[in-house]
Amino acid sequence: MAETIFSKIVDKSIPANIVFEDEYLLAFTDVNPQAPVHILIIPKKPIESLNLIEEDDSTLIGKMVLAAKRLACDFGISESGYRLVFNCNRDGGQTVFHLHCHLLGGRNFSWPPG
Ligand code: 5GP
């Protein structure tokens with residue numbers, strides 16, 4: 001897979017405001033936040049998009065969602081509520097081709113999304 005801005009954040013060759021890290025995941029604040037809380041949760045393993053996840057990635061994807069839940073609690077948005085978003089490819093609005101989950105909260109979101 002081609003190097004992306006997120007793989008450079010994983011290998012620490014470019015800086016990010018990291019809010020969580022373990023063996024499998026990295027979470028950091030979005031450089032262009034769309035809500036008072038806007039955190040990106042990414043696997044360290046490079047996967048281009050949701051289209052390329054496989055059965056073997058089930059645990060990894062579960063870890064991403066569990067990390068999002070914990071971060072929502074840490075950032076005080078568990079009770080007010082939050083949104084998790086995986087954008088996939090052109091129509092999904094994906095711009096960085098390293099799998100990531102947006103954790104957004106701290107304001108009210110409309111539905112359907114634009
Ligand atoms: P996508 O549009 O692919 O779902 O989301 C990519 C997100 O990455 C965007 O919200 C964008 O603001 C964020 N982003 C792009 N480049 C950087 C960067 O260098 N650092 C950080 N922290 N976020 C970035």
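Colleague: How far does a polar side-chain atom of His100 lie from an oxygen atom of the ligand?
Modeller: The model is predicted. In it, His100 puts a polar side-chain atom beside a ligand oxygen. A pair of N or O atoms counts as a polar contact within 3.5 Å, and for His100 and the ligand oxygen the distance is 2.8 Å.

Colleague: Which residue has an N or O atom in its side chain 2.5 Å from an oxygen atom of the ligand?
Modeller: Two further contacts can be set side by side. At Thr29 a backbone N or O atom is 2.9 Å from a nitrogen atom of the ligand. The contact at 2.5 Å, to a ligand oxygen, is made by the side chain of Asp30.

Colleague: What percentage of the accessible area that the ligand has on its own does the protein cover?
Modeller: The ligand alone has 520 Å² of accessible area. The part of that area covered by the protein is 81%.

Colleague: Which residues come nearest to the ligand?
Modeller: There are 16 residues around the ligand, and the space taken by the ligand is the largest pocket. By type, the shell holds 7 nonpolar, 8 polar and 1 charged residue. Those that come nearest are Asp30, Asn87, Thr95, His100 and His102.

Colleague: Which element gives the largest share of the shell around the ligand?
Modeller: Two elements give two or more residues to the shell, and β2 (25–29) is one of them. The other, spanning 5–10, supplies the largest share with 3 residues, and this element is α1.

Colleague: Is Gln94 buried or exposed?
Modeller: Gln94 sits in the loop between α3 (89–92) and β5 (101–105). Its relative accessibility is 7%. Because the cut-off for burial is under 20%, Gln94 counts as buried.

Colleague: Which residue's backbone nitrogen does the side chain of Gln94 reach at 2.9 Å?
Modeller: The side chain of Gln94 has two backbone partners to consider. One is the backbone oxygen of Glu48, reached at 3.0 Å. The backbone nitrogen reached at 2.9 Å belongs to Asn89.

Colleague: What is the phi of Asn89, which is not a glycine?
Modeller: Asn89 is placed in helix α3. With a relative accessible area of 31%, Asn89 is partly exposed. Its phi is positive, at about 60 degrees.

Colleague: Where is Lys12, which has a positive phi although it is not a glycine?
Modeller: The phi of Lys12 is about 65 degrees. Its relative accessibility of 46% falls between the cut-offs of 20% and 50%, so Lys12 counts as partly exposed. Its place is the loop between α1 and β1 (18–21).

Colleague: Is the peptide bond from Trp111 to Pro112 cis or trans?
Modeller: Pro112 lies in the segment after β5. The omega of the bond from Trp111 to Pro112 is near 5 degrees, and the bond is cis.

Colleague: How far apart in space are Lys45 and Gln34, C-alpha to C-alpha?
Modeller: Lys45 belongs to the loop between β3 (37–43) and α2 (58–74). A relative accessible area of 43% makes Lys45 partly exposed. In sequence, Lys45 and Gln34 are 11 residues apart. In space, the C-alpha to C-alpha distance between Lys45 and Gln34 is 26 Å.

Key. Residues are numbered from 1 along each chain as its sequence is written. This is a predicted model: local features need pLDDT of at least 70, side-chain atom pairs count only at pLDDT 80 or more; totals for chains, interfaces and linings use all residues. Side-chain values use heavy atoms; hydrogens and water are left out. A residue is near a molecule or strand if one of its heavy atoms lies within 4 Å of it. A polar contact is a pair of N or O atoms within 3.5 Å; within protein, one must be able to donate a hydrogen and the other to accept it, and residues adjacent in sequence count only if both atoms are side-chain atoms. Accessible areas come from the Shrake-Rupley method with a 1.4 Å probe; for residues, only the protein chains shown count as cover. On a 1 Å grid over the protein atoms alone, a cavity is a set of points where a 1.4 Å probe fits but cannot get out, and a pocket is an open set with protein on both sides within 12 Å along at least five of seven lines; lining residues have an atom within 4 Å of a point. A molecule sits in a cavity or pocket if more than half of its atoms lie within 2 Å of its grid points. Helices (H or I, at least four residues) and strands (E, at least two) are DSSP runs, numbered from the N terminus. Ala, Val, Leu, Ile, Met, Phe, Trp, Tyr, Cys and Pro count as nonpolar, Asp, Glu, Lys and Arg as charged, and the others, Gly among them, as polar. Buried means under 20% relative accessible area, exposed over 50%, partly exposed in between (1.4 Å probe, protein chains only).
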